[in-house]
Amino acid sequence: MGSEGPSGVTVHVTGFKKFHGVAENPTEKIVRNLESFMEKRGLPKGLTLGSCTVLETAGQGGLGPLYEVFESAIVDKEYGLNDQGQVILLHFGVNSGTTRFALENQAINEATFRCPDELGWKPQRAPIVSSDGSISNLRKTTVPVNEVNKSLQQMGFDVAPSDDAGRFVCNYVYYQSLRFAEQRGIKSLFVHFPLFTTISEEVQMNFVATLLEVLASQNYAQ
């Protein structure tokens, strides 16, 4: 099991552009700046930053770039890592009404958009994946959220687990990602961020760097 410690972890990170009601999406800036920030800070031992992608805040119409992220993650899994290597799809989105970071445990198979997405789509009580059946169907992450949360709290961050990623684009992307991750034997996690006016950009960047350190230190042998 693990006298040799955790094996390599490759993380593919996504954020979102601005959308209706949110003029500046903190996750766009975080993801655009993450590679250079981590270069200066130093990547955690055993962790590779596979890609950093900013997505349109869109459901159905935004699936193309999301699937490109998925495919590059699979290339890593098949060709870039040893057998024990773990690949994590790590998605960031904003919740403008929150005052803390939230680690999302699950996504639900329901798209009910309170406003149109950036490509004009506004589904109501629609299944995200119709072959998955009911809109109440849940998919859960296999990342140990409670352990990760505890580590982040011990390092001074205001963070909590969450069972509700909403019904908008964040949940839509997370559901698709969890489904893909399950099919391909990799992992997926969604994190909600507050606005920079609530928690400063500097603290949010340090939160992400610490989250990567915690993810790199987990033993994924199981």
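Okay, let's start with two helices: helix 1, residues 26-41, and helix 5, residues 201-217, pack at an angle of about 65 degrees, with axes 10 Å apart. Keep in mind that this is a predicted model. The crossing of helix 1 and helix 5 is right-handed.

Who meets whom there? On the helix 1 side you've got Pro-26, Lys-29, Ile-30, Asn-33, Leu-34, Phe-37, Met-38 and Arg-41. Across from them, helix 5 brings Glu-201, Gln-204, Met-205, Asn-206, Val-208, Ala-209, Thr-210, Leu-212 and Glu-213. By class, the residues of that contact split into nine nonpolar, four polar and four charged.

Now, on to the sheet. We have six strands in an open sheet, in the order 2-1-3-8-4-7, and the pairing is mixed. Strand 2, at 47-55, and strand 7, at 159-162, sit at the edges, each pairing on one side only. On average, neighbouring strands in this sheet are turned by 25 degrees against each other, ignoring direction.

Let me pick out one pair. Strand 3, residues 86-94, and strand 8, residues 187-193, run parallel and pair over seven bridges. If you want a spot to click on, take Leu-89: its bridge partner in strand 8 is Ser-188.

So what lies on this sheet? Helix 1 again: it lies across strand 1 (9-16), strand 2, strand 3 and strand 8, and it runs at about 150 degrees to strand 2. Helix 4, residues 169-184, packs on the sheet too, touching strand 1, strand 3, strand 4 (101-104) and strand 8. The direction of helix 4 makes about 165 degrees with that of strand 8.

While we're on helix 4, have a look at Arg-179, which is found in that helix. What does Arg-179 contact, once we leave aside neighbours within four places in sequence? The list is Val-129, Ser-131, Asp-132 and Arg-139. Take Asp-132 from that list: Arg-179 and Asp-132 are 47 residues apart in sequence, but 9.6 Å apart in space, C-alpha to C-alpha.

Last stop, the largest pocket. Its volume is about 310 Å³. There are 24 residues lining this pocket, and the closest to its centre are Val-94, Asn-95, Arg-114, Cys-170 and His-192. Which elements give two or more residues to the lining? Those are strand 4 and helix 4, and helix 4 has the largest share, with three residues. By class, the pocket lining has nine nonpolar, eleven polar and four charged residues.

So helix 4 keeps coming back in this talk: it packs on the sheet, it holds Arg-179, and it gives the largest share of the pocket lining. That's my tour, thanks.

Technical notes. Residues numbered from 1 in each chain as written. Predicted model: local features only at pLDDT ≥ 70, side-chain atom pairs only at ≥ 80, totals over all residues. Heavy atoms only, no water. Pairing = 2+ DSSP bridges. Helix = DSSP H or I, 4+ residues; strand = E, 2+ residues; numbered from the N terminus. Axes fitted to C-alpha atoms, helices over the stretch in contact; angles between N-to-C directions. Contact = heavy atoms within 4.5 Å. Left-handed = near helix turned anticlockwise from the far one by under 90°. Nonpolar A, V, L, I, M, F, W, Y, C, P; charged D, E, K, R; others polar. 1 Å grid on protein atoms, 1.4 Å probe; cavity = no way out; pocket = protein on both sides within 12 Å on 5 of 7 lines; lining within 4 Å. Points joined across faces, edges and corners; volume = space filled by probe spheres on them.
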